[in-house]
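Please look over the sequence and the model below before reading on. The notes that follow go from a single residue to the sheet, and then to the helices that pack against the sheet's strands or against each other.

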Amino acid sequence: MQITTTFLEGRLTLRFSGELDHHVARNAMERIGREIDLNLPRDCVMDFQDLAFMDSSGIAVVLGTHKRLNEIGGRAWVINVPHQPMKVLSASGIYRIVEIAETV
């Protein structure tokens, strides 16, 4: 899995590609944490457009990112979610906590 980051005008965008599973979730959280600490964004967008697969570990990544942004007074949301990852997110009920949108 790869995470590409962009920071512009207070918004950190994280573009995920590949597979987000238990093998990569810990490294993903560490990387995201470093990016948040470095940039202190007001908003954080997790773009899943190129995410081919996600298991329940991805829920922890989304919730961890949301929690970290909350701690610094920002907000996080997920966009462009393909079918398979959306099934995982929907089954978890995470949409009650973290916004899931079509696009920014």
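In which strand does Asp43 lie? Asp43 belongs to strand 3, and the reader should keep in mind that this is a predicted model. The points below begin with that residue and then widen to the elements around it.

**Asp43 and its surroundings**

- Asp43 has a relative accessibility of 11% and counts as buried, because the cut-off for that class is under 20% relative accessible area.
- Leaving aside residues up to four places away in sequence, Asp43 touches Gly10, Arg11, Leu12, Leu69, Arg75 and Trp77.
- Between Asp43 and Arg68, which are 25 residues apart in sequence, the C-alpha to C-alpha distance is 11 Å.

**The sheet**

- An open sheet is formed by 5 strands in the order 1-2-3-4-5, and the pairing within this sheet is mixed.
- Strand 1 and strand 5 stand at the edges with a single partner strand each, so one side of each of them has no neighbour in the sheet.
- From one strand to the next, the twist averages 25°.
- Strand 1 (residues 2–8) pairs with strand 2 (residues 11–20) in the antiparallel sense, over 7 bridges, whereas strand 3 and strand 4 pair in the parallel sense over 5 bridges.
- Thr6 has Thr13 in strand 2 as its bridge partner, Leu8 has Arg11 in strand 2, and Val45 has Trp77 in strand 4.
- The hairpin of strand 1 and strand 2 has 2 residues between the strands, and in this hairpin Glu9 takes a positive phi near 50°.
- Strand 4 is largely enclosed by the rest of the structure, because 4 of its 5 residues are buried.

**Thr13 in strand 2**

- Thr13 has its place in strand 2, and with a relative accessibility of 12% Thr13 counts as buried.
- The residues that Thr13 touches, not counting those up to four places away in sequence, are Thr4, Thr5, Thr6 and Val45; among these, Thr6 is also the bridge partner of Thr13.

**Helix 1**

- Helix 1 lies across strand 1 and strand 2, and runs at about 170° to strand 2.
- Glu35 is part of helix 1, which covers residues 25–39, and Glu35 counts as buried at 15% relative accessibility.
- Apart from residues up to four places away in sequence, Glu35 touches Thr5, Leu12 and Leu40.

**Helix 2**

- Helix 2 (residues 57–71) has 15 residues, which at 1.5 Å a residue should span 21 Å; the C-alpha atoms at its ends are 21 Å apart, and so the expected span and the model agree.
- Within helix 2 the buried residues are Ser57, Gly58, Ile59, Val61, Val62, Thr65, His66 and Leu69.
- The cover over these buried residues includes strand 2, helix 1, strand 3 (43–54), strand 4 (75–79) and helix 3 (83–92).
- Just after helix 2, Gly73 takes a positive phi of about 85°.

**How helix 1 and helix 2 meet**

- Helix 1 and helix 2 pack at an angle of about 15°, and their axes are 10 Å apart.
- At that angle helix 1 is roughly parallel to helix 2, because angles under 35 degrees count as roughly parallel.
- The crossing of helix 1 and helix 2 is right-handed.
- On the helix 1 side, the residues in this contact are Ala25, Met29, Ile32, Ile36 and Asp37, and on the helix 2 side they are Ser57, Ala60, Val61, Gly64, Thr65, Arg68 and Leu69.
- Among the helix 2 residues that meet helix 1 is Leu69, which is also one of the residues touched by Asp43.

**Arg96**

- Arg96 lies in the loop between helix 3 and strand 5 (99–101).
- With a relative accessible area of 65%, Arg96 is exposed, because the cut-off for that class is over 50%.
- Met1 and Arg96 are 95 residues apart along the chain, and their C-alpha atoms are separated by 26 Å.

How values were computed. Residues are numbered from 1 along each chain as its sequence is written. This is a predicted model: local features need pLDDT of at least 70, side-chain atom pairs count only at pLDDT 80 or more; totals for chains, interfaces and linings use all residues. Side-chain values use heavy atoms; hydrogens and water are left out. Buried means under 20% relative accessible area, exposed over 50%, partly exposed in between (1.4 Å probe, protein chains only). Contact means heavy atoms within 4.5 Å. Two strands pair if DSSP finds at least two bridges between them. The expected span of a helix is 1.5 Å times one less than its number of residues. Axes are lines fitted to C-alpha atoms, for helices over the stretch in contact, and angles run from 0 to 180 degrees between N-to-C directions. Angles under 35 degrees count as roughly parallel, over 145 as roughly antiparallel, 65 to 115 as roughly perpendicular and the rest as oblique. A crossing is left-handed if the near helix is turned anticlockwise from the far one by less than a right angle, and right-handed if clockwise.
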